[in-house]
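Colleague: I have just opened this one and would like a walk through it. Could you take me round, a piece at a time?

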Amino acid sequence: MAANANRPALIALTALAPISWGSTYAVTTELLPADRPLFTGVMRALPAGLLLLALARVLPRGVWWGKAAVLGALNIGAFFPLLFLSAYRLPGGMAAVVGSVGPLFVAGLAALLLGDRPTLRTLLTGIAAALGVSLVVLKAAGALDAVGVLAALAATASMSTGTVLTKRWGRPDGVGPLALTAWQLTAGGLLIVPVALLVEGAPPALDGRAVGGYLYLALANTAVAYWLWFRGIGRLSATQVTFLGPLSPLTAAVIGWAALGQSLTPVQVAGMVLAFGATVFGQLGPRGGRPAPADQSRRATRGHPAGGTRTPGAAHGRG
């Protein structure tokens, strides 16, 4: 009974992650240097990861070095560059439309890797969410770019796979979501660094507005948001969590209307209602998600029972 009573609060807290991500576009366009998306990806992920790592004071151990690197690459290191590439090469909103099919990707992967067979309800809700987002963000502008479409699909597949594998692998026994988030953000940020230097060159000079923007992105938009996201994955089904994703483009549209003076047409408002309804409906289905498993191999390792290597004097690294 207590778990059921806490479920709406858990969903609401997890939903804060995509809502926060919906502010990324406004912060990027209004406060940050232009045409530096990879540098922005580094500044979002790496400082946030190192901060959470300092708070958790737990390092991976054994097989979790590899697992953390894979999850960091899928959820951060590959996802960020692919998302930015698609956004730059596709006409307005198309990258968000492709990303909105994430629930369908996750439903398929969850069937393969978690044994969670998708229902007709899940598939129809996913289609409704994608249609609603399309009505909100699509603009009649330009032809589709093949590289942009492939990048958007790859970004969606990367994040979807990372979500399902995060659910499948769980966490080392005794390690909380704070440490798991720190490992992924740090690994992902380190993967983006050489790509950013190769493609964009040296970091740009930053003024006060840019510093404030990067601080917001690193702290609220990434450190806190991804901690809430991975915490939610551990306690809800993978499909439930990914159905919260459409809140990101919806939030971006609301911010554009309220803060940037952008207009909303009746069609866009109808799309927002449809996408939001699909998001809510996606939370009302069967619970479907078993708790994220503790990594039983950790119990067989020597040293700390949490399966992590601690920095000197560390306390328990729980989320």
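Colleague: Let me start with a single residue: is Arg 57 buried, partly exposed or exposed?

Modeller: Arg 57 counts as partly exposed, because its relative accessibility is 31%, where buried means under 20% relative accessible area, exposed means over 50%, and partly exposed is in between (1.4 Å probe, protein chains only). Before we go on, please note that this is a predicted model, in which local features need pLDDT of at least 70 and side-chain atom pairs count only at pLDDT 80 or more, while totals for chains, interfaces and linings use all residues. Residues are numbered from 1 along each chain as its sequence is written, and side-chain values use heavy atoms, with hydrogens and water left out.

Colleague: Where is Arg 57, and what is its phi like?

Modeller: Arg 57 lies in the loop between α3 and β1 (58–59), and its phi is positive, about 55 degrees, although Arg 57 is not a glycine. The helices (H or I, at least four residues) and strands (E, at least two) are DSSP runs, numbered from the N terminus.

Colleague: And what about Asp 35, is that buried or exposed?

Modeller: Asp 35 counts as exposed, at 57% relative accessibility, and its place is the loop between α2 (24–31) and α3 (37–56). Its phi is near 60 degrees, which is a positive value in a residue other than glycine.

Colleague: Stepping back, how many helices and strands are there in the chain?

Modeller: The protein chain has 14 helices and four strands, and buried residues make up 48% of its 319 residues. Among contacts between residues at least 6 apart in sequence, 90% join residues at least 24 apart, where contact means heavy atoms within 4.5 Å.

Colleague: Let's look at a helix pair, then. How do α4 and α9 cross?

Modeller: The axes of α4 (residues 63–77) and α9 (residues 146–169) come within 7 Å and cross at roughly 150 degrees; axes here are lines fitted to C-alpha atoms, for helices over the stretch in contact, and angles run from 0 to 180 degrees between N-to-C directions. The two helices, α4 and α9, are therefore roughly antiparallel to each other, a label used for angles over 145 degrees.

Colleague: Which residues of α4 and α9 meet?

Modeller: On the α4 side they include Trp 64, Lys 67, Val 70 and Leu 71, and on the α9 side they include Ser 158, Met 159, Leu 165 and Trp 169. By class, the contact of α4 with α9 has eight nonpolar, six polar and one charged residues, where Ala, Val, Leu, Ile, Met, Phe, Trp, Tyr, Cys and Pro count as nonpolar, Asp, Glu, Lys and Arg as charged, and the others, Gly among them, as polar.

Colleague: Now α7: which of its residues are buried?

Modeller: The buried residues of α7 are Gly 102, Pro 103, Val 106, Ala 107, Leu 109 and Ala 110, and they pack against α6 (94–99), α8 (120–137), α9 and α12 (238–242).

Colleague: What comes after α7?

Modeller: Gly 115 follows α7, with a positive phi near 75 degrees. Arg 117 sits in the loop between α7 and α8 and counts as exposed, at 76% relative accessibility. The C-alpha atoms of Arg 117 and Ala 107 are separated by 7.6 Å, with the two residues 10 apart along the chain.

Colleague: One last spot: what does Gln 262 touch?

Modeller: Leaving aside its neighbours within four places in sequence, Gln 262 is in contact with Gly 256 and Trp 257. Gln 262 is found in the loop between α13 (247–258) and α14 (266–281), and is partly exposed, with a relative accessible area of 38%.

Note on methods: Angles under 35 degrees count as roughly parallel, over 145 as roughly antiparallel, 65 to 115 as roughly perpendicular and the rest as oblique.
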